[in-house]
Amino acid sequence: MRGRPTVGTVLVALLTNLALAGCAAELPDAVDRDLTDDWVKVAQVEGYVPDAGKCLDVVTQGTGRYTDLSVDCSVLHYAETVHVGRFPEGATRGAKAYAAAYAECDVGAKEYIGRPWWDGLLFLRIAAPTDAAWDGGARWFRCDVLEVSSVSGGSNWVKRTGSLKDGIPANIRSGCEKYDQKRVTRNDMATVPCGTAHNAEFVGLYRAAEGTAYPASERQWDVIHRGCYELVAKFLGTSVATARRWGVVSFPLGSDNWAEGDRQVRCWMWFGSKTLKKSAKGTGGKGLPAW
């Protein structure tokens, strides 16, 4: 069978001829004896890495793909990539790596939006390389923010227009709310103007420390509430002991999210059956209805 020589075959033949010729005569000084020093080096192949600032017409999945449909942010879309990070070398997939990624996403999102993403009816999800891409060395993670109809349970994804780079629109900012504790679900947090009667106010979000159990018992719930009381104290400008004069509503995500490293807890201060018609922020607790 007649074959076509590869580069390697030609090189072997050339080196052999030069070696044989070297016995008969010296090469001129102008001849470069290093055959490979002028060869163009093959560029290292770079895998797909997403870009921040892109809007996506998909609800973010845990495993990211380069085929996620990117659209202009001025048209209807579900998600916006606010930050792209990288898992450390040697990292393995698991809750520890994802918890660190969520913490980085929180910081990156704040820089992108100009304020914490949880100040609005928004949700942050992480997309990471597919298993095949991970095995091939890909270590990026993508931080996507999506709008939701509610942050307190039973929420639906909402398509939106415009970029969060311009800030969180006023109509979806978290703030003063009405909360009906008699309802079975927490999907009854209705945002209202702070000048109208309300019995709850959003104070922020924290991420529980590694090793914190997902709350199932009263003791475990006390640990979660403790973190919210720290946010209430900061919100009011008081000590934690003073903040405990009022109630809190603590809302962690589901146990599956928790196990995967997303240990976020949203917190509201709560006045029970009492109401007020102003924001409690920075009041030091003065003028607020007693529990």
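Start your tour by selecting helix α4 together with the elements around its hidden face: the cover over the buried residues of α4 includes β9 (200-207), α5 (240-243), β10 (247-252), α6 (255-259) and β11. Keep in mind as you click around that this is a predicted model.

**Stop 1: helix α4**

Now show α4 alone, residues 218-236. Which of its residues are buried? Colour Ile 224, Gly 227, Cys 228, Tyr 229, Leu 231, Val 232, Ala 233, Phe 235 and Leu 236, and you have them.

Next, try the distance tool on the two end C-alpha atoms of α4. They sit 26 Å apart, and with 19 residues at 1.5 Å a residue the helix should span 27 Å, so the two values agree.

Step just past the end of the helix and pick Gly 237. This residue follows α4 and has a positive phi, near 85 degrees.

**Stop 2: the sheet under the helix**

Bring the strands back. α4 lies across β9, β10 and β11, and the helix runs at about 115 degrees to β9.

Those three strands belong to an open sheet of 5 strands, so to follow it, select them in the order β8-β7-β9-β11-β10; the pairing is antiparallel. Look at the two edges, β8 (190-191) and β10: each has a single partner strand, so one side of each has no neighbour in the sheet. If you're wondering what holds such an arrangement together, strands of a sheet pair through backbone hydrogen bonds, either parallel or antiparallel.

**Stop 3: strand β10**

Zoom in on β10. How many of its residues are buried? The count is 6 of 6, so this strand is mostly covered. Turn on the side chains and see which way they go: Gly 247, Val 249 and Phe 251 point one way, while Val 248, Ser 250 and Pro 252 point the other way.

Now add β11 beside it. β10 and β11 pair in the antiparallel sense over 6 bridges. Two spots are worth a click:

- Val 248, which stands opposite Met 269 in β11.
- Ser 250, whose bridge partner in β11 is Cys 267.

**Stop 4: from the sheet back to α4**

Stay on Cys 267, as it takes you back to the helix. A disulfide joins this residue to Cys 228, with the sulfurs 2.0 Å apart. In general terms, a disulfide is a covalent bond between the sulfur atoms of two cysteines.

Which parts of the chain does the link between Cys 228 and Cys 267 bring together? Cys 228 is in helix α4 and Cys 267 is in strand β11 (residues 264-270), 39 residues apart. The torsion about their S-S bond is about -75 degrees, so this disulfide is left-handed. As for cover, Cys 228 is buried at a relative accessible area of 0%, and Cys 267 is buried at 0% too.

**Stop 5: another helix-to-strand link**

Select Cys 105 and Cys 143. They form a disulfide with sulfur atoms 2.0 Å apart. Cys 105 is in helix α2 (residues 95-113) and Cys 143 is in strand β5 (residues 140-148), so again you have distant parts of the chain linked, 38 residues apart. This one is left-handed, because the torsion about the S-S bond is about -70 degrees. Buried or exposed? Cys 105 is buried, with 0% relative accessibility, and Cys 143 is buried with a relative accessible area of 0%.

**Stop 6: a right-handed link**

Move to Cys 55 and Cys 73, joined by a disulfide with an S to S distance of 1.9 Å. Here the link is right-handed, with 95 degrees about the S-S bond. Cys 55 lies in strand β1 (residues 55-56) and Cys 73 in the loop between β2 (70-71) and β3 (79-86), so the pair ties together parts 18 residues apart in sequence. Cys 55 is buried at 0% relative accessibility; Cys 73, at 15%, also counts as buried because the cut-off is under 20%.

**Last stop: zoom out**

Show everything. How many disulfides does the protein have? The count is 4, and if you number the bonded cysteines in sequence order, they pair 1-2, 3-4, 5-6, 7-8.

Colour by secondary structure and you'll find 6 helices and 11 strands. Switch to colouring by burial: 42% of the 291 residues are buried. Finally, turn on the surface, where the protein exposes about 16,700 Å², with carbon and sulfur atoms supplying 53% of that area.

Notes. Residues numbered from 1 in each chain as written. Predicted model: local features only at pLDDT ≥ 70, side-chain atom pairs only at ≥ 80, totals over all residues. Heavy atoms only, no water. Disulfide = S-S within 2.5 Å. Helix = DSSP H or I, 4+ residues; strand = E, 2+ residues; numbered from the N terminus. Buried < 20%, exposed > 50% of the residue type's maximum accessible area, 1.4 Å probe, protein only. Expected span 1.5 Å × (residues − 1). Contact = heavy atoms within 4.5 Å. Areas by Shrake-Rupley, 256 points an atom, 1.4 Å probe, with all protein chains shown as cover. Pairing = 2+ DSSP bridges. Axes fitted to C-alpha atoms, helices over the stretch in contact; angles between N-to-C directions.
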